[in-house]
Amino acid sequence: MKIYNTLTRKKEDFVPIEEGKVRMYVCGPTVYNLIHIGNARPMIVFDTVRRYMEYAGYEVKYVSNFTDVDDKIIKAAIEEGVTAEEISKRYIEECKKDMKALNVREATKHPLATEEIEGMIEMISGLVEKGYAYDSNGTVYFRTRKFKDYGKLSKKNIDDLEAGHREIKVAGEENKEDPLDFVLWKPKKEGEPYWKSPWSEGRPGWHIECSVMSKKYLGDQIDIHAGGEDLIFPHHENEIAQSEAANGVGFSKYWMHNGFLNIDNKKMSKSLGNFFTVRDISEKYDLQVLRFFMLSAHYRSPINFSAELMEAAKNGLDRIITAVANLKHMEENLASETLTEDEKEKLRKADEFVVKFKNAMEDDFNTADAISVVFELVKYANINVTESSSKEFAKGLKDSIVTLADVLGIIAEKQEEILDDEIEKLIAERQAARKEKNFARADEIRNELLAKGIILEDTREGVKWKKA
Ligand code: AMP
Ligand code: ZN
């Protein structure tokens, strides 16, 4: 498997630290309003990376934080006259709803910055002890020049950075030893949330949060650290400086960054008014369409969002879903059961598409090519499954399409929704069948419900059911 590593600016073979395991950290959103479709891009692409890694046999530990203390959250809280906690809790819940609708799987752990303050104080104290950080009137700064590798991710030269900084004097930062130093801890302002620390009552800087949460849940050294390309500098550069200075070992082996999402070929921004939340899109489309749209481009390329491209994504996705629905119908209604020799040969040929799909994904997660392969497979199935095919043949091709789509996080086979009323009716019918000692019918009903994801439990109080 090859991954483009921002650290080396090369595609490299993926070799995990521990065989068969992947430890991965993805910088999550700051939760002060509904997420926009730009924020959804890293969620979708790195969820797809995770899904492919698992498909390829790795055990993946996937950690993605919520930044729930930040100037923007505090500002939103003041505007609404509520606490910062109320704002962040609300938008974490909303974000999770969007993620679910985008079929982004829950992380192994979603840490919250505000629940990890103790670890942050500990890491900052360690940095102070080692001389990598200093307290200046309650603000703690990282001594950037002391970290010799500073700039290795963003390929910035420290002297050029210094020259740039001389022009800009930031108010309140006069007490820094060097303009390049960045904040690890800052004192509270009136009305802001705060925590006690050895330096002041205050709160952590943004960068230290990720260094600490990554260390706590994944260890000092991780395989992959990811986020949008705007995070390369300064966020990820600073994370490297903090983590490597504190832990004394290399931080992440691979750094992955997604390209930006633009709208109508312009940068998406609130001020330009060309700004969509994921929720806006959900009013017009099933959010699977947005996911499919995102994956139609390579994750490192910029992607342009437009009404036409969304329609194209919708049509493409519909083609896959329709093919699967047809194959399912064939599977249920064809007369012949088992594979002929010719069909066996055709299924072997279909496996070549699976190989092609894997090759695309192994090449730095080329989802655009992988989707093309799914279309080829759909076409192959449409041509080859006919009235005279066997059930098993239709099922074999259907399962292949569904499996590949699932690696991309696309649900190609619609689960039939079953209403509670229907479940109760079937349970009653099953009870009646059992009374009449018609166990065949009773079992049939149990299996029918199981196929729809409903599990029955016979208890002393009667029959209970739950969703699988
Ligand atoms: P933020 O809440 O701004 O920290 O962003 C959360 C994640 O979304 C980060 O990984 C950002 O790089 C990413 N992101 C923000 N805007 C865009 C965009 N327009 N296109 C792609 N990724 C973005
Ligand atoms: Zn981060």
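1. A quick term first: helices and strands here are DSSP runs, at least four residues for a helix and at least two for a strand, numbered from the N terminus. Bear in mind, too, that this is a predicted model.

2. With that in hand, look at Arg-9, in the loop between strand E1 (2-5) and strand E2 (10-13). Its phi is near 55°, a positive value in a residue other than glycine. Arg-9 is partly exposed, at 36% relative accessible area.

3. Phe-365 also has a positive phi, about 55°, without being a glycine. You'll find Phe-365 in the loop between helix H11 (341-362) and helix H12 (367-384). Is Phe-365 buried or exposed? It counts as buried because its relative accessible area is 2%, and the cut-off for buried is under 20%.

4. One cis peptide bond to check by eye: Phe-233 to Pro-234, with omega near 0°. Pro-234 sits in helix H7 (residues 232-247).

5. Now the ligand. Ligand 1 takes up the second largest pocket. Around ligand 1 there are 14 residues, and Thr-30, Gly-38, Gly-228, Asp-230 and Leu-261 come nearest. By class, that shell has five nonpolar, eight polar and one charged residues. Helix H1 (37-55) and strand E9 (222-228) each give at least two shell residues, with H1 supplying the largest share, three.

6. As for polar contacts, a backbone N or O atom of Leu-261 is 2.9 Å from a nitrogen atom of ligand 1, and one of Gly-38 is 3.1 Å from a ligand nitrogen. Asn-258 uses a side-chain N or O atom, 3.4 Å from a nitrogen of ligand 1. Overall, the protein covers 88% of the 490 Å² of accessible area that ligand 1 has on its own.

Terms used. Residues numbered from 1 in each chain as written. Chains lettered and ligands numbered in written order. Predicted model: local features only at pLDDT ≥ 70, side-chain atom pairs only at ≥ 80, totals over all residues. Heavy atoms only, no water. Near = heavy atom within 4 Å. Polar contact = N/O pair within 3.5 Å; in protein donor to acceptor, adjacent residues only side chain to side chain. Areas by Shrake-Rupley, 256 points an atom, 1.4 Å probe, with all protein chains shown as cover. 1 Å grid on protein atoms, 1.4 Å probe; cavity = no way out; pocket = protein on both sides within 12 Å on 5 of 7 lines; lining within 4 Å. Sits in = over half its atoms within 2 Å of the grid points. Nonpolar A, V, L, I, M, F, W, Y, C, P; charged D, E, K, R; others polar. Buried < 20%, exposed > 50% of the residue type's maximum accessible area, 1.4 Å probe, protein only.
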